[in-house]
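Visitor: I'm new to this one. Can you walk me through it?

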Amino acid sequence: MTRLDNFDKQRAARSLKGLWELLDADERQFLINNLRVERFKKNEIIYKEGDQPTNLLCLLSGKVKIYREGLGGRILINRVLRAVQYFGYRASMAGEAYITSAAAFEESVIVIVPMLALYHLMDSNTRLCHFFMHALAADLGKADQRVVSITQKHVRGRLAETLLDLLDVYGYGNDGETLDLHITREDMANLSNMTTSNAIRTLSAFADEGLVEVHGRFIKLIDVEALQSISNNG
């Protein structure tokens, strides 16, 4: 982690999509005065399960994974984030320690706002309260949907859904077909709630069927409609 003291804090604050627009001039200056910007290297831990939450985090650039360690050290990636998304604040609002961990998928720049500063703004800004209420409710809905997917779908359905979710979050690269993310087979397995060997075998089957092309850690989606059908059918 590297603190970017020379980073333009006003530019960082203006990048806080959805939040910045809800603040008046005094609130905006208060936010600028209280935030900081930090850079995290690839695979660097941002926070760990059991830590006490003290900050609102916003991914300014890069990619982040939110995950939890289960029995036997097995990892389950709950979700992945793109710029600009907020995270790390739910535990503070619930008055509990983090129940997940977060790490950088790739080098990432994160805006950090102390929760005490956020609470100060929320005390007099009901629109800001509504913004985070909506964000929490949306995240809860996605979590409920994901529980059904990872517990009821078969291996092929889970992996197809993971590929489509990655497409939804990160989109395509410059060629318009390859996911804009290079991902290890282990992370793919952890996103799909399966073993790494199952992820490798299923991804190879998708490639043999002409649904995807695999080039190292890059995955080209050839037949999105077929992947959607596999995901829908479980």
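Guide: A term to begin with. Strands here are DSSP runs of at least two residues, numbered from the N terminus. Also, this is a predicted model.

Visitor: Good. Where is Asn43 found, then?

Guide: Asn43 sits in the loop between S2 and strand S3 (45-47). Its phi is positive, about 70°, although Asn43 is not a glycine.

Visitor: What sign does phi have in most residues other than glycine?

Guide: Negative, for most of them.

Visitor: And what is phi of Asn193 near?

Guide: Phi of Asn193 is near 55°, so to speak another positive value in a residue other than glycine.

Visitor: Where is the place of Asn193, and how accessible is Asn193?

Guide: Asn193 lies in the loop between H7 and H8. Its relative accessibility is 24%, so Asn193 counts as partly exposed.

Visitor: Tell me about those helices. At what angle do H7 and H8 pack?

Guide: About 100°. Helix H7 covers residues 185-192, helix H8 covers residues 196-208, and their axes are 8 Å apart. Angles of 65 to 115 degrees count as roughly perpendicular, so H7 and H8 are roughly perpendicular to each other.

Visitor: Which residues meet there?

Guide: From H7, Arg185, Glu186 and Ala189. From H8, Thr196, Ala199, Ile200 and Leu203. By class, the contact has 4 nonpolar, 1 polar and 2 charged residues.

Visitor: New topic. What order do the strands of the open sheet have?

Guide: The order is S1-S2-S9-S4-S7, 5 strands with antiparallel pairing. Strand S1 (2-3) and strand S7 (85-87) are the edge strands, each pairing on one side only.

Visitor: Over how many bridges do S1 and S2 pair?

Guide: Over 2 bridges, in the antiparallel sense, with S2 spanning residues 36-40. Arg3 has Glu38 in S2 as its bridge partner. Helix H4 (residues 115-123) packs on the sheet and touches strand S4 (55-61) and strand S9 (108-114). The direction of H4 makes about 60° with that of S9.

Visitor: Is the peptide bond from Ala83 to Val84 cis or trans?

Guide: Cis, with omega near -5°. Val84 is in the loop between strand S6 (75-81) and S7. Most peptide bonds are trans.

Visitor: Last one. How many disulfides does the structure hold?

Guide: The structure holds 0.

Visitor: Why is there no bond for Cys58?

Guide: The closest cysteine sulfur, in Cys129, is 18 Å from that of Cys58, too far for a bond. A disulfide needs the sulfur atoms within 2.5 Å.

Visitor: Is Cys58 buried or exposed?

Guide: Cys58 counts as buried, at 1% relative accessibility. Cys129 is partly exposed, at 21%.

Notes
Residues numbered from 1 in each chain as written. Predicted model: local features only at pLDDT ≥ 70, side-chain atom pairs only at ≥ 80, totals over all residues. Heavy atoms only, no water. Buried < 20%, exposed > 50% of the residue type's maximum accessible area, 1.4 Å probe, protein only. Pairing = 2+ DSSP bridges. Helix = DSSP H or I, 4+ residues; strand = E, 2+ residues; numbered from the N terminus. Contact = heavy atoms within 4.5 Å. Axes fitted to C-alpha atoms, helices over the stretch in contact; angles between N-to-C directions. Parallel < 35°, antiparallel > 145°, perpendicular 65-115°, else oblique. Nonpolar A, V, L, I, M, F, W, Y, C, P; charged D, E, K, R; others polar.
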